[in-house]
Amino acid sequence: MPPLLERNLDRRPDPDALLAVAGAKKRGKLCIFLGAAPGVGKTYSMLERARAAKADGVDVVIGVVETHGRQETQALLEGLEIMPRRAVEYRGRVIEEFDMDAALARKPKLIVVDELAHSNAPDSRHPKRWQDIEELLEAGVDVWTALNIQHLESLADVVARITGVRVRETVPDVVLSSACDVILVDITPDELLQRLHDGKVYFSQTARLAARNFFTPGNLTALRELALRRTAERVDDQVVDYLRQHAIEGPWGAAERLLVCVGADFASDNVVRAAARLATALNAEWTAVFVERPGQEEADAERVKRVDDALRLAERLGASTERLSAHDLAGDLLRFARRENFTQIVLGRSRSGRLARFFRRSLTQELVRRSRDIAVHVVTDEVAPPPGKIRLPSPLSLAGGFAGATASVAVAVGFGAALDHWLHLPNLSMIFLVAVIFCALRFGLWAAIMAAFLSFLAFDFFFVEPDYDFAISEPQEILALLVFLVVAVITGLLAGRVREHSIQLTQRIDATRSLFEFSRKVSGAATLDDVAWVATAQAQKALGAQCVVALAPQEGELRLAAAWPPLDALEVGEMSAARWAFEKAEAAGWRTGTLPNVRFQFRPLTTPRGVVGVCGVQPKKMDEPLSAQEDRTLSAILDQTAIAIDRAQLIDKSIHAAALEENEKLRTTLLSSISHDLRTPLASITGAVTSLRELGDKMSGSERQDLLASIEEESGRLSRFVKNLLDMSRIEAGALETRRDWVDVGDAIRAATQRIRKVFPDGKVIVSVAPSLPFIRADANLLQQVLFNLLDNAHKYGGGAAVSVHARQEGGDLVVTVTDEGPGIKPSDLERIFEKFYRGGRPDGRKAGTGLGLSICRGLVEAMGGTISAQSPALRRRGTRMILRFPAAETRGEER
Amino acid sequence: MSGERVLVVDDEAEILRCLRPALTACGYDVLSAETGREALRAIAARAPDVVLLDLGLPDMDGKDVINQAGVFSKTPIVVLSARDREAEKITALDAGAVDYVEKPFAIGELMARLRAALRHALRDGGKVDRIEHGDLAIDLARRIVTKAGAPVKLTPKEYDLLAHLARGEGRLLTHRQLLTAVWGPAHSDDSQYLRVFIGQLRAKIEDDPANPRLILTELGAGYRFAEASA
């Protein structure tokens with residue numbers, strides 16, 4: 001075997017590495033001009049290159065470039081296509097912003113968008129410029145942009161430490177690490193300071209002061225080092241990537257995986273940043289995890305928000321995030337880490353109280369003790385937590401609690417006095433404990449503590465010698481009182497916590513119950529709109545927020561399906577957020593990365609078969625995020641809704657399919673029916689004609705005559721059938737001509753019976769017409785035709801017995817009945833017999849009917865303003881009665 | 001004449017009205033039935049030599065009549081119906097009907113089918129050694145085929161196919177029947193075999209293979225070996 005082939009087999013390029021390249025081909029390429037500080041010449045360098053690219057024939061457009069009025073930079077812009085800015089009014093000032101939609105519409109090959117870290121005006125599509133650029137890249141446009149190292153998210157705390165300035169506008173590290181090229185624009189700190197001195201670096205008035213503290217040689221050197229190092233790390237990564245893509249063996253050992261634990265404390269952000277830097281240095285994948293004990297979930301909105309923020313920060317820095325629920329925090333964390341192959345764990349030093357540390361090991365100690373093969377990094381926090389802000393309940397509930405505490409203690413005093421009077425109990429303090437526990441359970445923690453102190457005072461005042469004085473005579477009484485106070489407070493604390501727990505439990509039970517109820521309701525909702533209504537009503541009830549559901553029926557536009565409280569339409573901005581959520585299958589609007597100024601937060605309703613719609617929630621309080629509990633409830637409702645919508649759509653589809661199938665069956669029946677009705681007479685005629693021609697000389701004269709007669713009759717039958725078909729189509733097309741005139745029903749009955757006697761010479765017809773009947777408005781010929789058809793049927797199906805025709809007046813109506821004594825019609829068929837081609841039995845059943853007679857009758861009668869119906873059994877459990885009903889004509893009755 | 005008995009099963013009185021004189025003129029005795037039940041009773045009690053059966057009967061499906069009659073009687077059944085859909089035709093034939101005539105029909109064609117059916121019934125009883133059609137002769141005992149006196153070289157499968165077709169002279173044989181008879185039940189759906197072999201057979205025995213006169217195609221249903229004009 002040739003050695004070349006062998007080598008290829010052994011060293012196949014890593015498929016993941018190749019896939020990453022393939023993915024990069026469709027996306028636009030991002031090139032970042034990285035600098036250590038403002039004024040190093042990023043924009044200048046970028047524009048120079050843009051001019052060069054333009055000269056090479058590349059389709060370059062300037063999206064946004066701030067020249068700050070500098071001549072050299074301004075000169076570079078000449079000859080380049082510059083996109084107009086979008087004017088935005090914000091707090092009375094007009095700001096010019098990058099026009100995202102225009103850029104997407106223009107869709108150049110390459111666009112230059114300066115200042116990657118810029119924050120957009122509030123009504124923009126995305127809050128941050130890097131998100132705009134992300135969308136441009138997604139659309140396949142190459143982007144050049146500029147960034148100062150201090151704006152990098154993971155370095156924010158380091159930069160703050162070095163320079164003493166907190167940078168507010170940050171860019172996630174992912175943006176930098178996912179860039180195709182990073183070009184470092186570098187000058188020495190001395191040179192930069194010189195440029196600053198020469199006034200070549202632009203600052204706004206307000207920034208000038210800050211800049212003086214910022215631009216020190218020490219700061220600039222440190223920042224320059226950060227920029228150089230970050231670029232070097234990137235180059236390193238690229239080398240590794242190149243080696244992997246080209247299957248060159250290299251020393252890139254086993255991949256490290258990093259797990260960072262975040263908590264609700266203030267240091268979490270720093271822990272996450274430290275982990276991010278470590279992960280970058282190790283070139284490791286990393287995950288941020290939040291662990292909580294089931295039953296002890298964070299309830300405090302502030303703390304929940306801190307956890308959310310830390311997790312979100314980690315996501316921005318390129319981590320994936322997890323939430324775990326664990327009884328044994330350290331054990332379950334390590335189990336998770338082992339299962340997911342994490343090699344290192346990063347966590348902050350836990351700040352448990354001294355007392356707690358005395359009784360049990362902290363999570364850190366526990367982890368270190370049990371980690372074995374997993375390295376544990378403990379990050380000490382340098383940020384002192386802001387001065388302990390004790391959360392006080394609202395003044396109103398505090399006042400209520402206080403009143404409650406006072407009242408309970410007063411009752412306890414009265415009760416104690418009474419007992420003391422009659423029983424001389426040695427230990428009256430117990431009664432006050434009851435009051436404390438009562439307050440804890442009824443009014444909560446604060447009232448309990450108040451009650452404890454009040455009890456302390458009251459006990460001292462009323463029951464400790466000397467009575468009615470706060471002074472205490474016996475020293476042991478002081479000790480007893482103090483012990484009482486401690487016991488009362490602890491009891492109050494414990495009971496108060498029990499109360500809070502039970503309240504939480506009740507809330508959770510309520511949430512579960514309402515979810516259960518919702519799933520019951522939603523499973524009963526059959527149509528899409530019903531499902532949407534139930535969902536909005538439920539979400540409104542659960543969150544107290546206004547909810548809307550917008551659905552996209554079959555590739556159509558997203559439309560508002562339901563809103564509770566009712567809402568007619570969404571505003572333009574809201575609609576575009578909804579559309580974004582629908583198209584990208586991610587949340588948009590309030591408190592998200594897309595259109596955060598919209599009042600609603602839209603979340604996609606995702607089913608296994610794609611996004612079916614979006615649900616929008618307008619929270620009660622715009623400045624507070626949804627609590628974890630609310631978030632969970634909302635997610636559960638959305639999941640259920642999506643499933644229900646999916647189901648409703650499937651039901652729709654299956655109904656549609658069933659209708660099509662039914663239709664198909666009907667068509668087949670019609671075809672077979674018509675085919676039979678046309679072919680039977682044709683067969684008789686052809687058979688008779690060919691018999692006569694081929695065998696005629698072998699037949700007797702009477703046989704020949706009979707064949708000829710059959711030809712004549714069958715031709716008649718054929719022509720009747722064709723005429724019926726034509727009548728039917730004429731009735732259906734609405735082209736039936738009725739000449740409405742005054743008609744005497746008696747005349748029509750006589751004409752029809754005369755005609756039927758010719759067809760059925762042996763048939764017996766009994767006619768009874770009530771005297772002095774009114775006229776009706778009808779077409780005499782058509783009425784006669786209807787009666788003839790009915791008589792014809794009565795003879796055919798009546799089994800040879802007499803047929804009776806009866807006409808009389810009923811109120812304002814004139815009623816004609818035709819009754820036979822045949823076997824009758826099944827009740828279920830009474831209406832169906834008026835359908836086209838329906839013949840009581842099988843489609844090509846025996847009697848020579850066409851299945852058209854009755855449906856033609858109905859068409860004709862209705863065209864004349866009457867009704868026709870069937871009744872069976874008619875008399876003595878047999879027979880069928882056809883009932884014609886016409887409104888009597890008013891005027892001519894008297895003139896008769 | 002022979003006085004063979006034909007049972008006509010049709011609920012349309014008009015059909016019987018035109019068939020009766022024609023059949024009588026050709027020398028048949030005509031029996032009639034209007035429903036499937038009557039037909040089965042007549043087949044059992046009066047042993048007709050051939051049955052003409054309409055598929056659309058008021059009380060039961062014609063195919064069920066064929067199935068049930070097949071249990072106790074070998075009387076050949078010729079189907080006569082306005083149902084012109086191929087699937088109906090084939091299921092009726094596979095159920096055991098020997099042939100199929102569509103309404104409307106010319107009386108000559110109907111008579112020819114009846115004759116073929118009767119001959120087939122006779123042949124099943126006795127042993128036929130030799131079949132001749134024009135200048136083609138098939139010696140069933142010695143498995144030799146000659147055309148205009150010259151031997152025709154056939155592969156064993158081609159011979160089996162031709163012999164089977166020729167035995168059913170004048171009768172329509174469905175794809176399934178032919179495949180099962182020649183290739184076995186496992187191949188009853190491989191109608192492409194059949195097309196290939198029929199093509200080869202025609203090339204060997206037809207005067208003009210592009211315009212066959214011996215092996216006739218019934219589109220979508222099967223093949224028919226032409227009836228000797230004699």
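Here is a chat between a student and a tutor about a predicted model with chains A and B.

Student: Let's start with chain B on its own. How many helices and strands are there in it?
Tutor: Chain B has 230 residues, and 54% of them are buried. As for its elements, the count for chain B is eight helices and twelve strands.

Student: In chain B, what share of the contacts between residues at least 6 apart in sequence join residues at least 24 apart?
Tutor: We set aside pairs that sit under 6 apart in the sequence of chain B and look at the rest. Of those contacts, the share joining residues at least 24 apart is 58%.

Student: And the outside of chain B: what part of the exposed area do carbon and sulfur atoms supply?
Tutor: Chain B exposes about 10,100 Å². The part of that area supplied by carbon and sulfur atoms is 51%.

Student: Now the place where the chains touch. What is the area buried between chain B and chain A?
Tutor: On the chain B side, 27 residues are in contact with 29 residues of chain A. Carbon and sulfur atoms give 53% of the buried area, which comes to about 2,400 Å².

Student: Which three residues supply more of the area that chain B buries against chain A than any other three?
Tutor: Together, these three supply 23% of what chain B buries there. They are B:Glu12, B:Glu14 and B:Arg17.

Student: Which residue of chain A meets B:Arg17 in a salt bridge?
Tutor: The rule finds three salt bridges across the interface of chain B and chain A. In the one with B:Arg17, the N to O distance is 2.7 Å. The partner is A:Glu713.

Student: Which element of chain B gives the largest share of the side that touches chain A?
Tutor: Six residue pairs are in polar contact between the two chains. On the chain B side, the elements giving two or more residues are helix H1 (13-25) and helix H5 (107-125). The largest share, eight residues, comes from H1(B).

Student: How many residues on that side of chain B are charged?
Tutor: The side of chain B that touches chain A has 13 nonpolar residues and four polar ones. The charged residues there number ten.

Student: Let's turn to the backbone. Which residue comes before A:Pro565 at its cis peptide bond?
Tutor: Most peptide bonds are trans. A:Pro565 sits in the loop between strand S15 (559-564) and helix H22 (572-584) of chain A. The bond leading to A:Pro565 is cis, with omega near -5°, and it comes from A:Trp564.

Student: Where does A:Pro873 lie?
Tutor: A cis peptide bond joins A:Ser872 and A:Pro873, with omega about -5°. A:Pro873 itself lies in the loop of chain A between strand S24 (867-871) and strand S25 (881-887).

Student: What is the phi of B:Ala47?
Tutor: Most residues other than glycine have a negative phi. B:Ala47 is in the loop between helix H2 (36-46) and strand S3 (50-53) of chain B, and its relative accessible area of 43% makes it partly exposed. Though not a glycine, B:Ala47 has a positive phi of about 40°.

Student: On to charges. How many salt bridges does a search of the whole structure find?
Tutor: Side chains of opposite charge can pair when their charged atoms come close. Over all chains, the number of salt bridges found is 50.

Student: How far apart in sequence are A:Arg106 and A:Glu81?
Tutor: Their side chains meet in a salt bridge, 2.9 Å from N to O. A:Arg106 is in helix H5 (residues 100-106) of chain A and A:Glu81 is in strand S3 (residues 81-82), so the bridge links distant parts of the chain. The separation of A:Arg106 and A:Glu81 is 25 residues.

Student: Which residue forms a salt bridge with B:Arg37?
Tutor: The closest N and O atoms of the pair are 3.8 Å apart. B:Arg37 lies in helix H2 of chain B and its partner in the loop between S3 and helix H3 (62-72), so the bridge ties together parts 22 residues apart in sequence. That partner is partly exposed, at 28% relative accessibility, and its name is B:Asp59.

Student: Last one: which residues are linked with B:Asp99 in a network of salt bridges?
Tutor: The network is made up of residues of chain B. Linked with B:Asp99 are B:Glu109, B:Arg113, B:Glu218 and B:Arg224.

Key. Residues are numbered from 1 along each chain as its sequence is written. Chains are lettered from A and ligands numbered from 1 in the order in which they are written. This is a predicted model: local features need pLDDT of at least 70, side-chain atom pairs count only at pLDDT 80 or more; totals for chains, interfaces and linings use all residues. Side-chain values use heavy atoms; hydrogens and water are left out. Helices (H or I, at least four residues) and strands (E, at least two) are DSSP runs, numbered from the N terminus. Buried means under 20% relative accessible area, exposed over 50%, partly exposed in between (1.4 Å probe, protein chains only). Contact means heavy atoms within 4.5 Å. Accessible areas come from the Shrake-Rupley method with a 1.4 Å probe; for residues, only the protein chains shown count as cover. Buried area is the accessible area (1.4 Å probe) that two parts lose on being put together, summed over both. A salt bridge is a side-chain nitrogen of Lys or Arg within 4 Å of a carboxyl oxygen of Asp or Glu. A polar contact is a pair of N or O atoms within 3.5 Å; within protein, one must be able to donate a hydrogen and the other to accept it, and residues adjacent in sequence count only if both atoms are side-chain atoms. Ala, Val, Leu, Ile, Met, Phe, Trp, Tyr, Cys and Pro count as nonpolar, Asp, Glu, Lys and Arg as charged, and the others, Gly among them, as polar.
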